[in-house]
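Work through the following exercises with the sequence and the model open side by side. Each task is followed by a solution in steps.

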Amino acid sequence: MTADGARPPRHGVPRIRRRVAILLSVSVLILLTPAVSFARALAYPGSASAGVRAVGWARDHGAGGLVDALENWWYTRSPPPSVGAPTDHLSAVTPTAVATTQIAQGAHRDRAPKDTLPVVRLMKGAAPGEGSWQPVRRNAAGRPVLWITSLRPDAAHPTVVAAVALMPKDTTALHLSGGTREPVPGLFPISASHVPASAIDPLVAVFNAGWKTKDTNAGWYARGVSAVPLRNGMASVVIDDTGAATVSAWNAAAVPPGQVVPAGVVAVRQNLHLVVEGGKPAAGLGSNANGRWGSSHNQFQFTSRSGVGTDAQGALVYVAGQNLTLSTLAQAMSRAGVVTGMELDMHFDMVDFRSFGSAADARAKRGTPLLVSMKAPRNRYLVADQRDFFYLTER
């Protein structure tokens with residue numbers, strides 16, 4: 001106290017309180033900023049499950065390595081059963097119906113003579129109906145525009161089933177559409193992130209595209225928009241102005257100076273490197289040297305995977321299934337007749353193929369999943385989606 005008994009001024013206390021207040025404010029901001037960002041990710045326009053949104057947010061905020069490590073730990077340690085009956089099957093055609101139809105139609109009696117379907121190479125002990133191509137949609141002239149079948153590609157795990165969808169190039173046209181977040185967030189509005197109304201009646205099928213472009217530096221071009229620069233040598237779905245699609249390694253030398261794509265090309269979707277070359281699985285899939293097929297060891301994950309390629313007749317072939325490693329996906333594609341093929345997206349919520357048996361089904365948004373295990377909403381891609389995708393129409 002002072003001589004007169006008064007308490008001396010406490011100059012240090014307000015200063016400490018101010019510092020504490022500043023520290024608390026900064027701490028709140030540090031905690032609040034990611035919370036607000038996460039909340040925005042959960043509310044971002046476009047269909048996507050909460051799990052997909054959460055994982056995507058984590059990857060976008062520096063946790064990609066951790067997510068990869070967790071996925072590798074989980075999926076590589078959760079192999080499918082090595083004995084027992086197949087754990088999945090086609091939705092549009094039941095195993096019994098496949099066998100019955102195969103007997104009734106004989107050697108694909110209902111297809112046009114000029115159509116040829118690849119011979120599906122099966123494992124020993126194949127179940128009835130495996131490898132038998134079945135039409136699930138015909139055009140007004142009665143020609144099939146979509147065929148499906150199934151096979152088992154993994155001899156060590158015969159419970160695993162891969163589904164195959166074949167799209168003849170002379171009866172169908174392929175299109176690439178952006179989502180609300182892919183290839184670049186906000187590039188395409190909600191109104192342009194789903195199948196357009198003009199394509200509903202001729203709509204044959206919709207299916208997933210590839211990984212997020214930022215995870216692979218994959219190129220993306222459509223509608224005259226070069227969202228992400230195309231990279232030389234990367235596996236690419238290339239669509240021309242007739243709707244015909246081919247799968248190949250991108251050749252930058254074939255692009256004329258001053259152009260993004262060669263004349264006649266309307267869309268290109270790149271993803272990693274080819275997994276099937278010359279009709280056989282590409283060399284080095286098991287080692288994944290230099291990360292040609294994604295992060296280290298992701299090639300060993302037993303998870304949902306998808307791929308697309310072209311066969312000897314130029315038809316587009318989509319292959320997908322649960323509990324596939326990268327090698328067994330490539331094996332399934334090769335056995336289904338794919339000559340040149342690439343991986344598309346992977347993991348349960350990402351792999352999805354839906355067909356429409358008629359225009360009425362498309363108008364009612366009643367898509368039929370290729371496999372019974374595909375649990376996405378039946379109207380996926382008919383309403384705005386966060387991810388980019390392909391859709392197929394009758395010519």
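The exercises below deal with strands, a helix, backbone angles, rings and pockets.

This is a predicted model, in which local features need pLDDT of at least 70, side-chain atom pairs count only at pLDDT 80 or more, and totals for chains, interfaces and linings use all residues. Residues are numbered from 1 along each chain as its sequence is written, and side-chain values use heavy atoms, with hydrogens and water left out.

**Exercise 1. The open sheet**

Give the strand order of the open sheet of eight strands, and find its edges.

Step 1. Helices (H or I, at least four residues) and strands (E, at least two) are DSSP runs, numbered from the N terminus. Two strands pair if DSSP finds at least two bridges between them.

Step 2. The order is β1-β2-β3-β14-β13-β15-β11-β12, and the pairing is antiparallel.

Step 3. β1 (134-138) and β12 each have a single partner strand, so these two stand at the edges and one side of each is left without a neighbour in the sheet.

Step 4. Inside that order, β13 pairs with β14 (residues 316-324) in the antiparallel sense, over seven bridges. Ser306 stands opposite Ala320 in β14.

**Exercise 2. A hairpin**

Describe how β6 and β7 are paired and joined.

Step 1. β6 (residues 220-222) and β7 (residues 225-228) are antiparallel, with three bridges. Trp220 faces Val228 in β7 as its opposite residue.

Step 2. The two strands form a hairpin with two residues between them, and Arg223 in the turn has a positive phi of about 55°.

**Exercise 3. Helix α5**

How many of the ten residues of α5 (residues 326-335) are buried?

Step 1. Buried means under 20% relative accessible area, exposed means over 50%, and partly exposed is in between (1.4 Å probe, protein chains only).

Step 2. Eight of the ten are buried, which leaves the helix mostly covered. Among them are Leu326, Leu329, Met333 and Arg335.

Step 3. Just after α5, Gly337 has a positive phi of about 100°.

**Exercise 4. Backbone angles in loops**

Locate Asn288 and Lys365, and state for each whether the residue is buried or partly exposed.

Step 1. Asn288 is in the loop between β12 (280-281) and β13 (303-310). Its phi is positive, about 50°, although Asn288 is not a glycine. With a relative accessible area of 6%, Asn288 is buried.

Step 2. Lys365 is in the loop between α6 (359-363) and β17 (368-369). Lys365 is not a glycine either, yet has a positive phi of about 60°. Its relative accessibility is 37%, so Lys365 counts as partly exposed.

Step 3. For a peptide bond to compare, look at Glu182 and Pro183, which are joined in cis with omega about 5°. Pro183 lies in the loop between β4 (172-177) and β5 (203-208).

**Exercise 5. Aromatic rings**

Count the aromatic pairs, then classify the pair of Tyr381 and Phe389.

Step 1. Rings of Phe, Tyr and Trp (its six-membered ring) pair if their centres lie within 6.5 Å; planes under 30 degrees apart count as stacked, over 60 as edge-to-face and the rest as tilted. The count by this rule is eight aromatic pairs.

Step 2. Tyr381 and Phe389 have ring centres 4.5 Å apart and planes at 15°, so they are stacked. Both residues are buried.

Step 3. One aromatic cluster is formed by Phe207, Tyr318, Phe353 and Phe390.

**Exercise 6. The pockets**

What are the volumes of the largest pocket and the second largest pocket, and which residues lie closest to their centres?

Step 1. A pocket is found on a 1 Å grid over the protein atoms alone, as an open set of points where a 1.4 Å probe fits, with protein on both sides within 12 Å along at least five of seven lines; lining residues have an atom within 4 Å of a point. Grid points are joined across faces, edges and corners, and a volume is the space filled by probe spheres set on the points.

Step 2. The largest pocket has a volume of about 890 Å³. It is lined by 38 residues, and Val55, Gly56, Arg59, Lys212 and Arg387 are the closest to its centre. α2 gives the most to this lining, with 13 residues.

Step 3. The second largest pocket holds about 320 Å³. Of its 24 lining residues, Asp349, Met350, Ala376, Pro377 and Arg380 lie nearest its centre.
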